[in-house]
Amino acid sequence: MVWETPYFSYAVRELPKGCGLCVRGEKLVLFTTGKCPRDCFYCPLSPWRREDVVYANERPVKSVDDVIEEVMIQEAKGAGVTGGDPLARLDRTVQYIRALKEAFGEDFHVHLYTTGALATKKNLEKLYDAGLDEIRFHPDLFNPNSKLFKVEIENIKNAFDFDWDIGGEIPSVPGQFERMKWYAEFLDSLGAKFLNVNELEFSETNLRNLLDRGYRPISDESSAIKGSLELGLKLLEWGEENTSLSYHLCTAKLKDAVQLRNRLRRMARSVAKPYMEITEDGTLRFGIAEYDDLDELYEFLVSEAEVPEEWLHVNKEKGRIEMPEEVALELAEAIEGDVRFFIVEEYPTFDRIEVERIPLP
């Protein structure tokens, strides 16, 4: 039967191990390149992510040490290797997988997404030898007449020469039920373990392509595409009766309300300073003071306002002094002049995106 998970997603049989860790926020997202042999009309990647760049979660990566540090901050139990197509920079991808296994042990679970276009037997052997646990194929399913699709389908067969978990990962594209069924039957015939189906979403990058093809959002408040979730559920119901695969329908709500929040909470525990409050959503909430001369303001707060030094942190990079929310509230009432006080909430991620700023009178 199709069952609803505690994470606002739907499944048939058991979740792939990579998914089980991911929904709990325990998977590092390792983006090894934006390069890809394909240009899918629904690709959500931003223009700067389509370059040959590397990220560990939101952190730009310059070395393996950056990846290791991000794993430790997140307290991750595994990594999902993605792109682009990670096989477009195979040696780099292999290097990172091997480094993660060496640093965190064989139980550190690594799965990888690929188009299959570059999944030759030689390339797959390198991934397997590096310690890859699970591989997910996303062929050009909705362009079946392309030469690349035929290569991908043949290459997927190569993966079954190795002892790892094999599955598929595709978007639920309204109007493409027959193609999705075909892929499920193909995977099942080879002995694959699972097929993951993602609710299709709008992004700034794919918006025009999707609108031009007649796709529409389910509401003004959602990026999910109308009919995608229903089609995914239809596939799961069909798949339960006609294949032996496990299925997981990953919803837009899961990604936003569960997976991201769980990952933020884990990261917040590692990076929060004593004056920061960790919110229910995993953001960091605290007070700040802004002034033209931070050194002068710091001296005033310590000497004149008698604020304990351990309650204050001078952040010159962001041009502010950080402090507990309660201290900012008291100071905002007591101090007049050009000092500006705010309560802010930030993600605990490398880029520290500010999600809210409340000015204090």
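## A walk through the model

Start by selecting Arg 38, which is buried, with a relative accessible area of 10%. Keep in mind on this tour that you are looking at a predicted model. Arg 38 sits in the loop that links strand S3 (27–33) with strand S4 (55–56). Now show side chains and add Glu 152: a polar contact of 2.7 Å joins the side chain of Arg 38 to that of Glu 152. What else is in contact with Arg 38, once neighbours within four places in sequence are left aside? Besides Glu 152, you will find Thr 115, His 138, Pro 139, Asp 140 and Leu 148.

**Zoom out for the overview**

Switch to a cartoon of the whole protein. Its secondary structure comes to 11 helices and 17 strands, and its C-alpha atoms fill a box of roughly 75 × 45 × 35 Å along the principal axes. Of the 361 residues, 53% are buried. Take the contacts with a separation of 6 or more: 70% of them come from residues 24 or more positions apart.

**Follow the sheet**

Next, color the strands and trace the open sheet. Its 11 strands run in the order S1-S2-S11-S10-S9-S8-S7-S6-S3-S4-S5, with mixed pairing. Which strands stand at the edges? They are strand S1 (2–4) and strand S5 (59–60); each has a single partner strand, so one side of each is left without a neighbour in the sheet. At the S5 end, select S4 as well: the two strands run antiparallel and are joined by 2 bridges. Tyr 55 has Pro 60 as its bridge partner in S5.

**Stop at strand S11**

Move along the sheet to S11, residues 246–250, where 5 of 5 residues are buried. As a reminder, side chains in a regular strand alternate between the two faces of the sheet. Rotate S11 to look at each face in turn: Ser 246, His 248 and Cys 250 lie on one side, Tyr 247 and Leu 249 on the other, and all of them are buried.

Now bring in the neighbours of S11. Strand S2 (residues 10–12) runs antiparallel to S11 and is joined to it by 3 bridges; here Tyr 10 stands opposite Leu 249. Strand S10 (residues 194–199) runs parallel to S11, with 5 bridges between them. Click on Val 197 and you will find that its bridge partner in S11 is Leu 249.

**Step over to helix H8**

Leu 233 is the next pick, in helix H8 (residues 228–242). Buried or partly exposed? Leu 233 is partly exposed, with a relative accessible area of 23%. Beyond residues up to four places away in sequence, Leu 233 touches Val 2, Tyr 10 and Leu 249. Try a distance from Leu 233 to Ala 11: the C-alpha atoms are 9.0 Å apart, although the residues are 222 apart in sequence.

**Check the cysteines**

How many disulfides does a search of the whole structure find? It finds 0. Select Cys 22: its nearest cysteine sulfur, that of Cys 19, is 6.8 Å away, whereas a disulfide needs sulfurs within 2.5 Å. Cys 22 counts as partly exposed because its relative accessibility is 24%. Cys 250, back in S11, is in no disulfide either; the nearest cysteine sulfur belongs to Cys 22, 6.8 Å away. Cys 250 counts as buried, at 14% relative accessibility.

**Look into the cores**

In soluble globular proteins, nonpolar side chains tend to be buried together. The largest nonpolar core here has 66 residues, of which Leu 127, Trp 164, Tyr 183 and Leu 195 touch the most other members. Show the surroundings of Trp 164: apart from residues up to four places away in sequence, it touches Leu 124, Leu 127, Tyr 128, Leu 132, Asp 133, Ile 135 and Ala 159. Another core, of 17 residues, lies apart from that one and includes Leu 297, Val 327, Ile 343 and Leu 360.

**Finish at helix H11**

For the last stop, select helix H11 (residues 325–334), whose buried residues are Glu 325, Val 327, Ala 328, Leu 331 and Ala 332. These cover an arc of only 155 degrees around the axis, so they are on the same side of H11. Turn the helix over and you will see Glu 326, Glu 330, Glu 333 and Ala 334 exposed on the other side. What do the buried residues of H11 pack against? Add strand S12 (277–278), strand S13 (284–290), helix H10 (294–303), strand S15 (320–323) and strand S16 (340–346) to your selection to see these partners.

How values were computed. Residues are numbered from 1 along each chain as its sequence is written. This is a predicted model: local features need pLDDT of at least 70, side-chain atom pairs count only at pLDDT 80 or more; totals for chains, interfaces and linings use all residues. Side-chain values use heavy atoms; hydrogens and water are left out. Buried means under 20% relative accessible area, exposed over 50%, partly exposed in between (1.4 Å probe, protein chains only). Helices (H or I, at least four residues) and strands (E, at least two) are DSSP runs, numbered from the N terminus. A polar contact is a pair of N or O atoms within 3.5 Å; within protein, one must be able to donate a hydrogen and the other to accept it, and residues adjacent in sequence count only if both atoms are side-chain atoms. Contact means heavy atoms within 4.5 Å. Two strands pair if DSSP finds at least two bridges between them. The arc is that of the directions from the helix axis to the C-beta atoms. A nonpolar core is a set of buried Ala, Val, Leu, Ile, Met, Phe, Trp, Tyr and Cys residues joined through side-chain atoms within 4.5 Å.
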